Amino acid sequence: MSETDLDEFRRIYAKHVDHVRTGDMKAAMAEMVRENLPAVFHGIDVPRSAVQHAEIIDVRADGDLRVGDSVYRLPDRSIGLRSFWEQHDGRWLAARLENFDPEPGETAGDAPSHMEFPWGPAADGLDQPYWDGSKLGELRLQRCAHCQRWIWGPQWICPACHTLCPAWQSVEPTGVVYAWSRSHRAFIQEYADRTPYVTVLVELPHAGGRRVLGLMPDADTVRIGDTVHGRFELDEGADWPLLRWYRSENRK
Ligand SMILES: [Zn+2]
């Protein structure tokens, strides 16, 4: 491949990075392989809105693919994002993403081996509105502003109509027990003294029947079909409240 060829890709890639940097996600997505959306974002940490600074680290050819590495600086962290580009009808389009360590020189020596309370917003910011709602005692789910579909868990793109960054909406935290399970073993340290505990999967009639998980304290006799209401509760020492479910009193 000629130098000119890579130069051409470098220009296309630089434009793409600029779209991500300025938060122009519509333009950035238009430069991706459409069939790969929205799955291409699963498990990938990407900037959700404009960032302070973006730096192209490397642009290279890998067989028929072109690869670009960039680091996006956010106020609280940096994201290393690598994209793999394919030629589609004469156009370079990003087909796959992966994250890389933006500060390979730094070690995690001082970082704790585990978080004391391993819940709260994900690093990529996708579920931040849910957790912000939790502090206000509000249950928030995504609801696509275009097709009105309720979405849970959080998605970058509406799975029905592919609208970007679906909106969030509060929903009344009442529902029906769809399934439940009793755990005799604590999977996180904080629950070691609470076993056995019951986890319920609650169907939300006010949110298109989406189902959310939560603990159900005092659930000696939980039954499928029970009407329950949810409440966010903050454990001592925890940063973020957790949704817990209680049987509504009108049960027979
Ligand atoms: Zn939609």
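**View 1. Strands β5 and β7 run side by side in this predicted model.**
Let us start with β5, which covers residues 139–143 and pairs with β7 in the antiparallel sense. The two strands are joined over 5 bridges. To find one of them, look for Gln-142, whose bridge partner in β7 is Trp-168. Helix α3, residues 128–135, packs on the sheet here and touches both β5 and β7. The direction of α3 makes about 155 degrees with that of β5.

**View 2. β5 belongs to an open sheet of 3 strands.**
Reading across this sheet, the order is β6-β5-β7, and the pairing is antiparallel. Which strands stand at the edges? They are β6 (150–151) and β7 (167–171). Each has a single partner strand, so one side of each is left without a neighbour in the sheet.

**View 3. A second open sheet has 4 strands.**
Here the order is β1-β2-β3-β4, again easy to follow by number, with antiparallel pairing. The edge places go to β1 (53–62) and β4 (91–100). Because each of these has a single partner strand, one side of each lacks a neighbour in the sheet. From one strand to the next, the twist averages 25 degrees.

**View 4. β1 pairs with β2.**
Strand β2 spans residues 65–73, and its antiparallel pairing with β1 extends over 9 bridges. A handy place to look is Ala-54, which has Tyr-72 of β2 as its bridge partner. Keep both residues in mind for the last view.

**View 5. β3 and β4 form a hairpin.**
Strand β3, residues 78–88, pairs with β4 in the antiparallel sense, with 9 bridges between the two. Along this pairing, Glu-86 stands opposite Leu-93 in β4. How many residues lie between the two strands of the hairpin? There are 2, and Asp-89 in the turn has a positive phi of about 50 degrees.

**View 6. Val-20 sits in helix α1.**
The helix runs over residues 3–21. Is Val-20 buried or exposed? Val-20 has 23 other C-beta atoms within 10 Å, and 20 or more is the cut-off for a buried residue, so Val-20 counts as buried. Beyond its neighbours within four places in sequence, Val-20 is in contact with Ala-28, Pro-47, Ala-54 and Tyr-72. Here we meet Ala-54 and Tyr-72 again, the bridge partners from β1 and β2. Try finding Ala-50 too: Val-20 and Ala-50 are 30 residues apart in sequence, and their C-alpha atoms are 7.0 Å apart in space.

Terms used:
Residues numbered from 1 in each chain as written. Predicted model: local features only at pLDDT ≥ 70, side-chain atom pairs only at ≥ 80, totals over all residues. Pairing = 2+ DSSP bridges. Contact = placed C-beta atoms within 7 Å. Axes fitted to C-alpha atoms, helices over the stretch in contact; angles between N-to-C directions. Buried ≥ 20, exposed ≤ 12 C-beta atoms within 10 Å, placed from the backbone.
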